[in-house]
Amino acid sequence: FRRLVEESLEKVTVAEVVFTMMNQLASMGYLKMGLPESVNLKYRDFEQASLAIDMLEAMIKGGEGKIPEDLLKPFRGTLANLQMNFVQLRRP
């Protein structure tokens, strides 16, 4: 088992881990905004949503010049969507 784990770690790239983390942050951002409301309203926590959005933005910025832009572009769109939804939901 240990050998299998070590072999799999040799094949995993940091970029793959980054993409996984960015996907998780995006998902948590939507969840913590309570979106979609029909399913996730009970999880709404704007402080946590803000943290997820800010961390996703930081990871995107950290990947600039290190990760191909065509791979970052979808995350930029997701970030923009998260930010727009956050502002709309926070309006009185």
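In this predicted model, Arg 44 is partly exposed, with a relative accessibility of 29%. Its side chain forms a salt bridge with Glu 37, and the closest N and O atoms of the pair are 2.8 Å apart. Glu 37 is also partly exposed, at 42% relative accessibility. This pair is one of six salt bridges in the structure.

Two further salt bridges involve residues of helices 4 and 5. Lys 61 and Glu 57 are joined through their side chains, with an N to O distance of 3.5 Å. Both residues belong to helix 4 and are four residues apart, so about one helical turn separates them. Glu 57 has a relative accessible area of 24% and is partly exposed because this value lies between the limits of 20% for buried and 50% for exposed residues. Glu 69 and Arg 76 meet in a salt bridge with an N to O distance of 2.8 Å. Glu 69 is partly exposed, at a relative accessible area of 42%, and Arg 76 is partly exposed at 29%. A network of salt bridges links these two residues with Glu 64.

The largest nonpolar core comprises 17 residues, and Met 22, Met 33 and Leu 56 have the most contacts inside it. At least two residues of this core come from each of helix 2 (14-32), helix 4 (46-63) and helix 5 (69-90). When neighbours within four places in sequence are left aside, Met 22 is in contact with Leu 56, Met 59, Ile 60, Leu 72 and Phe 75. Of these contact partners, Leu 56 and Ile 60 are among the buried residues of helix 4, while Leu 72 and Phe 75 are among those of helix 5.

Helix 4 has 18 residues, for which a span of 26 Å is expected at 1.5 Å a residue; its end C-alpha atoms are 26 Å apart, in agreement with this value. The buried residues of helix 4 are Phe 46, Ala 49, Ala 52, Ile 53, Leu 56, Ile 60 and Gly 63. Viewed down the axis of helix 4, these residues fall within an arc of 120 degrees and therefore line one face of the helix. They pack against helix 2 and helix 5. Glu 47 and Lys 61 are exposed on the other side of helix 4. Lys 61 is thus an exposed residue that is bridged to the partly exposed Glu 57.

Features at both ends of helix 4 were also identified. At its start, a side-chain oxygen of Asp 45 comes to within 3.2 Å of the backbone nitrogen of Glu 47. Gly 65 follows helix 4 and has a positive phi, near 80 degrees. Most residues other than glycine have a negative phi, and most peptide bonds are trans. A cis peptide bond is found between Leu 35 and Pro 36, with omega about -10 degrees. Pro 36 is located in the loop between helix 2 and helix 3 (37-40).

Helix 5 contains 22 residues and should span 32 Å at 1.5 Å a residue; the distance between its end C-alpha atoms is 31 Å, which agrees. Leu 72, Phe 75, Leu 79, Leu 82, Asn 85 and Phe 86 are buried in helix 5. Their arc around the axis is only 140 degrees, so they lie on the same side of helix 5. The buried residues of helix 5 pack against helix 2 and helix 4. Asp 70 and Lys 73 are exposed on the face of helix 5 turned away from its buried side.

Asn 85 lies in helix 5 and has a relative accessibility of 17%; it counts as buried because the value is under 20%. Apart from residues up to four places away in sequence, Asn 85 touches Tyr 30, Met 33 and Leu 35. Among these, Met 33 is one of the residues with the most contacts inside the largest nonpolar core, and Leu 35 is joined to Pro 36 by the cis peptide bond.

Ala 80 is also placed in helix 5. Ala 80 is partly exposed, with a relative accessible area of 42%. The C-alpha atoms of Ala 80 and Glu 57 are 9.4 Å apart in space, and the two residues are 23 residues apart in sequence.

Methods
Residues numbered from 1 in each chain as written. Predicted model: local features only at pLDDT ≥ 70, side-chain atom pairs only at ≥ 80, totals over all residues. Heavy atoms only, no water. Core = buried A, V, L, I, M, F, W, Y, C linked by side-chain atoms within 4.5 Å. Buried < 20%, exposed > 50% of the residue type's maximum accessible area, 1.4 Å probe, protein only. Contact = heavy atoms within 4.5 Å. Salt bridge = Lys/Arg side-chain N within 4 Å of Asp/Glu carboxyl O. Expected span 1.5 Å × (residues − 1). Arc of directions from axis to C-beta. Polar contact = N/O pair within 3.5 Å; in protein donor to acceptor, adjacent residues only side chain to side chain.
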